[in-house]
Amino acid sequence: DTIMIAAVDWEHDRIGVINIPRDLWVDIPGYGESRINMADFVGEKEIKYPDGGPALLGRVISETLGIRTDRFARMNLQAFEQAIDTIGGISVTLDCPLHEATPDPNNPDQLVEVDFAPGVYHFNGHEARMYASYRYYTGDWDRARRQQQVLLAIRQQALKLNIVPKIPSLWLTFSSAIQTNLSFKEILDLATFGLRLDMKNVHGRVLDYRLVTAYTTKGGAQVLKPKKAEIAAAINSIFDTPPMQETSAQPI
């Protein structure tokens, strides 16, 4: 249920990445108010929206945040793990301790504490997925920053492997687990573009507590209402933010 938007500026060789919190409270056309992470499911399964869940999610993002989304890609978590294993894992540096929890595999109603000391970690696919998913103690915003950190680590590993010539075979392996309206040429162009970018031109933004208001629904759910004017200003200035490699590992 991670929603990540990439703004690709071909002319100026730069990319902006925006993470949207799963608990953002939005109006889903044909369904009503709900968390934004429900939009894809609703469009796919509940109301059979034309062109499916991604199209409905794109409409919600456009109407709520003013961002037009032309292309989409959706990957299941198992494929995410397998893709990272295929490239030999990723290396992530923690600058400060991380204390978190995860459901006990033997008892889903219980949590198991996990601790990471500062240092460099080489994660396999499952470990990378867990690292990018922890949110029990640190919350959704810190998780979003770790997801951006994992994204950068995948890029770094892809550079080490000189992965562009291998993309056709990788696509054959994983295409059945990825839903997208990108053509293969667009995928290849985006991969080549992303790998050749100077890292100072890759910017990231998390729609964090400064851009939302805590809200309790009539049903008692704790959600986040968007501050639309502030979000619009943040999105418009994304390329003025520090490079993502400087901000993704920093706690909020």
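Let's start with residue classes: Ala, Val, Leu, Ile, Met, Phe, Trp, Tyr, Cys and Pro count as nonpolar, Asp, Glu, Lys and Arg as charged, and the others, Gly among them, as polar. The model here is predicted, so local features need pLDDT of at least 70 and side-chain atom pairs count only at pLDDT 80 or more, while totals for chains, interfaces and linings use all residues. Residues are numbered from 1 along each chain as its sequence is written, and side-chain values use heavy atoms, with hydrogens and water left out.

With those classes in hand, look at the second largest pocket (on a 1 Å grid over the protein atoms alone, an open set of points where a 1.4 Å probe fits, with protein on both sides within 12 Å along at least five of seven lines; lining residues have an atom within 4 Å of a point). About 390 Å³ of space lies in this pocket, a volume being the space filled by probe spheres set on the points. Its lining has 7 nonpolar, 9 polar and 4 charged residues. Of the 20 lining residues, Ser91, Gln149, Leu152, Ala153 and Gln245 lie nearest the centre. Helix α5 gives the most to the lining, with 7 residues; helices (H or I, at least four residues) and strands (E, at least two) are DSSP runs, numbered from the N terminus.

Strand β6 (90–94) also supplies at least two lining residues, and its side chains alternate. Ile90, Val92 and Leu94 point to one face and are buried, whereas Ser91 and Thr93 point to the other and are not; buried means under 20% relative accessible area with a 1.4 Å probe, protein chains only. β6 runs antiparallel to β9 (residues 119–123), joined by 5 bridges, and Thr93 has Val120 as its bridge partner there.

Now turn to an open sheet of 3 strands, in the order β1-β2-β11 with mixed pairing; two strands pair if DSSP finds at least two bridges between them. β1 (3–9) and β11 (202–206) stand at the edges, each with a single partner strand, so one side of each is left without a neighbour in the sheet. β1 and β2 pair in the antiparallel sense over 7 bridges, with Met4 opposite Asn19 in β2.

Strand β2 also holds Ile20, which is buried at a relative accessible area of 6%. Its contacts (heavy atoms within 4.5 Å), not counting residues up to four places away in sequence, are Ile3, Ile5, Ile36, Ile61, Leu65 and Leu207. Asp23, in the loop between β2 and β3, is buried too, at 12%. Leaving aside neighbours within four places in sequence, Asp23 touches residues including Arg35, Arg135 and Asp140.

Conventions: Buried means under 20% relative accessible area, exposed over 50%, partly exposed in between (1.4 Å probe, protein chains only).
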